[in-house]
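Please take a moment with the sequence and the model shown here, and then follow the paragraphs below through a few of its residues.

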Amino acid sequence: MPTSKNRLARIIRRSHAPLALAIAAMLALAGCGVDVIHAQPVPSPATSAPAADGPVAEPTPTITETPGDTETVVPSPSESQTGEPTELDLARRSYYADKVDVTTGCPGGEIVLDQSMRVTMLTEPCERVVVTNSFNTLLAGEVGTLEIREAASHGHFLIGQLGSAKVAAPFNKVYWDSGNPKLTVTGFKCVVKPNPAKE
């Protein structure tokens, strides 16, 4: 029965293996010779695709960036991750470039900083600088003696060349670029040392 054999082969190719074996068994009982062809099992719809009523995961898109597509933003030296200046930033003269409140010389060789919350820049060498109030910042080229009294806490003093310093108030930072100053530090938690950020 060549015609029946060809038909059977087509049925077996299109069917699932269990169905093909059942048909072959029925034909064998009917007295026909049958060649069994092993077909690859076809995945059922239940295993090849997610259920229609369940969530369907969207494919993750692949984004390819070419050079020039993105702009790298580098924080300036005066910004930490939080946007607040770091202690190293506060040791840089450039950090105070747009923050100077008072620019002055040193008439008579001595000056007293007696107001809080000021950034003062000295434009000439000063024999003696006395600080009597807190939260002062001083930018100076050359100072003979820096005296920070007990009430003058939380100051920043950036000096190019320093002869000596007496620091009696707490939480002050005194940095110098050159010289070997004589130091007397009695204030609590003060930093008095060569500038780590010379500019």
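Is Ser164 buried or exposed? In this predicted model, Ser164 has a relative accessibility of 17%, and because buried means under 20% relative accessible area, Ser164 counts as buried. As for its place along the chain, Ser164 belongs to strand S6, which covers residues 156-167. The surroundings of Ser164, once its neighbours within four places in sequence are left aside, include contacts with Gly144, Thr145 and Leu146, and also with Pro181 and Lys182. With one of these residues, Thr145, there is also a polar contact, which runs from the side chain of Ser164 to the side chain of Thr145 at 3.2 Å.

From this serine we can turn to the cysteines. The structure holds 1 disulfide, and the residues that form it are Cys106 and Cys126, whose sulfur atoms are 1.8 Å apart. This pair links distant parts of the chain, since Cys106 sits in the loop between strand S1 (102-104) and strand S2 (110-113), while Cys126 is found in strand S4 (residues 126-131), with 20 residues separating the two cysteines. A disulfide is a covalent bond between the sulfur atoms of two cysteines. The torsion about the S-S bond of Cys106 and Cys126 is about 45°, and the disulfide is therefore right-handed. Both partners, Cys106 and Cys126, are buried.

Another cysteine to look at is Cys190, for which the relative accessible area is 19%. Because the cut-off for buried is under 20%, Cys190 is buried as well.

Definitions and conventions:
Residues numbered from 1 in each chain as written. Predicted model: local features only at pLDDT ≥ 70, side-chain atom pairs only at ≥ 80, totals over all residues. Heavy atoms only, no water. Disulfide = S-S within 2.5 Å. Helix = DSSP H or I, 4+ residues; strand = E, 2+ residues; numbered from the N terminus. Buried < 20%, exposed > 50% of the residue type's maximum accessible area, 1.4 Å probe, protein only. Polar contact = N/O pair within 3.5 Å; in protein donor to acceptor, adjacent residues only side chain to side chain. Contact = heavy atoms within 4.5 Å.
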